[in-house]
Amino acid sequence: MSRARDRQKRRRQQKDMVRKSGRSTSQAAPESNIKLPEITIPGGRWFVLIPAAGLILLAVVLALRLINPPETDLPPNAIWLNKAWSYQEHSNEELLLLTNDLREHNIGTIYIETSTLTSDGTWSGADNGRFIDIEPQLETLLDQLREAYPNVELYAWITVPSMVQGENGPENRLGRTQIQNSVAEFSQRMIEQVGFDGILLDVKPVFEESEEYIDLLRTVKRQIGIETSLAVAVPPDLTPTGTTLNLPGLIAAGTEWSPEYKRRVALLANQIVITAYNSYQTNPVDYIQWVTYQINSYVDVLANLNSTTTVLIGVPNYSDRSDPHDPDIESLAAGLDAAVLAYDGLDENGREYFSGVAIYTDSLLTDAAWTIYRQRWSH
């Protein structure tokens, strides 16, 4: 068995223990097995009893902490790191600096860009090469990251372009059995061979309520198993109906997923990551309100399902300028302000479903960007 598979087996066993014990991997001793020592105080020397009782209490507290140590929760936020980062070799010192930043800012999950399904059905690697050539390097990277940050969760970010050029123009390939099986088998390989903790499936575009997309999620989940976390990157509702939002006129009205379709996606995924950018918004206040709507729309669906699925909001930190993305409008600061606005507006139950933010970035954050993050987001 490879090191990656052995490591993954141990991590699964730990997760099984979590599920069986409720939320903690620690095992508390039966109450009847914890016995206090009997102390006899001759001559009724009560003044000895008080300090002795204090020592006994201290000993019991320390013993219980050893038997049942405090639960360590996974920090709720995430970051995307693309191929420009994941396909490069990194020293242990570099990774230690990165993971220290992640710890400090309550980021416990990394979506590591792994590969893209090409138009000919193969999996991409570096410099137009094959993925198999980069696979050993990714295994090493995962080992280094876990050495620096043992509590981190590492997801294989897998990109699947849904459209390819056919004989009669662009065509949707998601319904092809061969494509669905290829994505599912590659996802399983990322878990069992490379050693990722979960899968982030980034299928695009999926603007319509595609049955083929649901079939793909179902196939992948069946292949990787219910014990493995499946995160899905979902598009925002670009022009949702029945709102007072200021919406761009360039996109057809009603470009959105219905609550029923969101429910179907949520039933197949453990995490939903909303890609809340490329909005065509031209005003920062409109963008903040638009992002807030995206969070609330999924929280409402999950709360009605009484689901264990959680939602993260993708916040942009990239400088490329295009018609859909103005970095002065769709900024890290604006995305975080929207997350705060949404969080503050949720009741206690709703907050259970809103896990946090996922920073979508084209490079490691600068000190200035981390300062913006600290000032605006403390969850």
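Let's start with a single handshake: the side chain of Asp202 makes a polar contact with the side chain of Trp157, at 3.2 Å. Keep in mind that this is a predicted model, so everything here is computed from that prediction. Asp202 sits in strand β6. Is Asp202 buried or exposed? Its relative accessible area is 5%, so Asp202 is buried; the cut-off for that label is under 20%. Leaving aside residues up to four places away in sequence, Asp202 touches Trp80, Trp157, Ile158, Thr159, Val160 and Ala233.

Now step back and look at the whole chain. You'll find twelve helices and ten strands in it. The chain has 379 residues, and 47% of them count as buried. Take the contacts between residues at least 6 apart in sequence: 78% of these join residues at least 24 apart. As for the outside, the chain exposes about 19,500 Å², with carbon and sulfur atoms supplying 50% of that area.

Next, the inside. The largest nonpolar core contains 87 residues, and the ones with the most contacts inside it are Leu201, Tyr213, Ile313 and Phe354. Which helix gives the most to this core? That would be α9, residues 284–305, which puts in eight residues. Apart from this core there is another one, made of 13 residues, including Ala78, Trp80, Ala231 and Tyr277. You've met Trp80 already, as one of the residues that Asp202 touches.

Phe354 is a good place to see the packing up close. Not counting residues up to four places away in sequence, Phe354 touches Ile295, Val299, Val311, Ile313, Ala339, Tyr343, Leu346 and Trp377. Two of those names, Ala339 and Tyr343, lead to helix α10, since they are among its buried residues.

So let's follow helix α10, which runs over residues 332–345. Its 14 residues should span 20 Å at 1.5 Å a residue, and the C-alpha atoms at its ends are 20 Å apart, so the two values agree. The buried residues of α10 are Leu332, Ala333, Ala334, Gly335, Leu336, Ala338, Ala339, Ala342 and Tyr343. What do they pack against? Their partners are α9, the strands β9 (310–317) and β10 (354–361), and the helices α11 (348–351) and α12 (367–376).

From there, hop over to α12. Its buried residues are Ala369, Trp370 and Tyr373. They cover an arc of only 100 degrees around the axis, so they lie on the same side of α12. On the face turned away from that buried side are the exposed residues Asp367, Ala368 and Gln375. The buried residues of α12 pack against α10, β9 and β10, and also against β1 (77–81), α4 (92–104) and β2 (107–116).

Strand β9 has come up as a packing partner of α12, and Asn317 has its place in that strand. Along the chain, Asn317 and Asp362 are 45 residues apart, yet 6.9 Å separates their C-alpha atoms. Asp362 is also on the list of what Asn317 touches, together with Leu332, Ile359, Tyr360, Thr361, Ser363, Leu365 and Ala369, again not counting residues up to four places away in sequence. With Thr361, Asn317 shares a polar contact as well, side chain to side chain, at 3.0 Å.

Now back to β6, where the tour began. In the loop between β6 (198–204) and α7 (211–224) you'll find Ser210. Ser210 has a relative accessibility of 10%, so Ser210 counts as buried. A polar contact of 3.1 Å links its side chain to that of Glu212. The loop between β6 and α7 also holds Pro205. A cis peptide bond joins Lys204 to Pro205, with omega at about -5 degrees.

That brings us to some backbone oddities. Most peptide bonds are trans, and most residues other than glycine have a negative phi. Asn106 isn't a glycine, but its phi is positive, near 65 degrees. Look for Asn106 in the loop between α4 and β2; with a relative accessible area of 29%, Asn106 is partly exposed. Asn278 likewise has a positive phi without being a glycine, at about 55 degrees. Asn278 lies in the loop between β8 (271–275) and α9, and at 34% relative accessibility Asn278 counts as partly exposed.

Notes:
Residues are numbered from 1 along each chain as its sequence is written. This is a predicted model: local features need pLDDT of at least 70, side-chain atom pairs count only at pLDDT 80 or more; totals for chains, interfaces and linings use all residues. Side-chain values use heavy atoms; hydrogens and water are left out. A nonpolar core is a set of buried Ala, Val, Leu, Ile, Met, Phe, Trp, Tyr and Cys residues joined through side-chain atoms within 4.5 Å. Buried means under 20% relative accessible area, exposed over 50%, partly exposed in between (1.4 Å probe, protein chains only). Helices (H or I, at least four residues) and strands (E, at least two) are DSSP runs, numbered from the N terminus. Contact means heavy atoms within 4.5 Å. A polar contact is a pair of N or O atoms within 3.5 Å; within protein, one must be able to donate a hydrogen and the other to accept it, and residues adjacent in sequence count only if both atoms are side-chain atoms. Accessible areas come from the Shrake-Rupley method with a 1.4 Å probe; for residues, only the protein chains shown count as cover. The expected span of a helix is 1.5 Å times one less than its number of residues. The arc is that of the directions from the helix axis to the C-beta atoms.
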